[in-house]
Amino acid sequence: MQRNPDGPSPLICQAIQRRCQLIFDYKGFRRIVAPYCYGISTRGTEVLRTVQVGGSSSSGGYGFGKLWTISEMSRLELSAEHFVPNDPHYNPNDSAMTRVICRVD
């Protein structure tokens, strides 16, 4: 697993481009996700649209798009596991974002 000392943006975009899963801690739970879209939210914060594929979840929500706030993530890592983008509800022009930095096309 690879960590990036320069912040989340390069690592997240690398994961999206390579179709690699990401692993991170969020609100006390270790998450494993397939990243789809990274950008700036309508509130001006960095966010990541993913499908959670493993790890823990307080809601038990797997297999559908979730929006994560980057500033609430810790221990972000690039996984060696790959994913095939297959979320039927994925929209590359995510309405939760005013600016997309990188995304699955």
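Tutor: Let's start with the layout. From the N terminus on, the elements of this predicted model run α-β-β-β-β-β-β. That makes one helix and six strands.

Student: How confident is the predictor in the chain, in terms of pLDDT?

Tutor: The average pLDDT is 88, and 85% of the residues score at least 70. Over residues 1-6, however, the pLDDT is below 50, although this stretch has 14 contacts in the model beyond near neighbours in sequence. Where pLDDT is low, the predicted coordinates should not be read in detail.

Student: Now the cysteines. What makes C13 and C102 a disulfide?

Tutor: Their sulfur atoms are 2.1 Å apart, and the cut-off is 2.5 Å, so the pair qualifies as a disulfide. A search of the whole structure finds one such link. C13 sits in helix α1 and C102 in strand β6, 89 residues apart, so the bond connects distant parts of the chain. The angle about the S-S bond is -95°, and the link is left-handed. Both C13 and C102 are buried.

Student: How do you know that C37 is in no disulfide?

Tutor: The nearest cysteine sulfur, that of C102, is 7.7 Å away. A disulfide needs sulfur atoms within 2.5 Å, so C37 is not in one. C37 has a relative accessible area of 0%, so this residue is buried.

Student: And why is C20 called buried?

Tutor: The relative accessibility of C20 is 5%. Buried means under 20%, so C20 counts as buried. Across the chain, buried residues make up 45% of the 105 residues.

Student: Let's turn to the aromatic residues. Why is the pair of Y26 and W68 called edge-to-face?

Tutor: The ring centres of Y26 and W68 are 4.8 Å apart and the planes stand at 85°. Centres within 6.5 Å make a pair, and planes over 60 degrees apart count as edge-to-face, so the name fits Y26 and W68. The pair links distant parts of the chain, with Y26 in strand β1 and W68 in strand β4, 42 residues apart. Y26 is buried at a relative accessible area of 7%, and W68 is buried at 4%. Together with F24, Y26 and W68 form one aromatic cluster.

Student: What makes the pair of Y36 and F83 tilted?

Tutor: For Y36 and F83, the distance is 5.7 Å centre to centre and the angle between the planes is 45°. Under 30 degrees would count as stacked and over 60 as edge-to-face, so an angle of 45° falls among the rest, called tilted. Y36 lies in strand β2 and F83 in the loop between β5 and β6, so the pair ties together parts that are 47 residues apart in sequence. Y36 has a relative accessible area of 3% and is buried, while F83 counts as buried at 10%. The whole structure has five aromatic pairs.

Student: Which residues touch the most other members of the largest nonpolar core?

Tutor: I12, L22, Y38, L48 and M73 do, out of 27 residues in that core. The elements giving two or more residues to this core are α1, β1, β2, β3, β5 and β6. In soluble globular proteins, nonpolar side chains tend to be buried together.

Student: What about D94: where is this residue found?

Tutor: D94 is in the loop between β5 and β6. With a relative accessible area of 6%, D94 is under the 20% cut-off and therefore buried.

Student: How do you know that the side chains of D94 and R49 make a polar contact?

Tutor: The distance between them is 2.7 Å. The cut-off for such a pair of N or O atoms is 3.5 Å, so this one is within the limit. Not counting residues up to four places away in sequence, D94 touches C37 and R49.

Student: One more: why is G54 called buried?

Tutor: G54 has a relative accessible area of 13%, and buried means under 20%, so the term applies to G54. This glycine lies in strand β3. G54 and A34 are 20 residues apart in sequence and 9.4 Å apart in space, C-alpha to C-alpha.

Methods:
Residues are numbered from 1 along each chain as its sequence is written. This is a predicted model: local features need pLDDT of at least 70, side-chain atom pairs count only at pLDDT 80 or more; totals for chains, interfaces and linings use all residues. Side-chain values use heavy atoms; hydrogens and water are left out. Helices (H or I, at least four residues) and strands (E, at least two) are DSSP runs, numbered from the N terminus. Buried means under 20% relative accessible area, exposed over 50%, partly exposed in between (1.4 Å probe, protein chains only). A polar contact is a pair of N or O atoms within 3.5 Å; within protein, one must be able to donate a hydrogen and the other to accept it, and residues adjacent in sequence count only if both atoms are side-chain atoms. Contact means heavy atoms within 4.5 Å. pLDDT is the predictor's confidence in each residue, from 0 to 100. Rings of Phe, Tyr and Trp (its six-membered ring) pair if their centres lie within 6.5 Å; planes under 30 degrees apart count as stacked, over 60 as edge-to-face and the rest as tilted. A nonpolar core is a set of buried Ala, Val, Leu, Ile, Met, Phe, Trp, Tyr and Cys residues joined through side-chain atoms within 4.5 Å.
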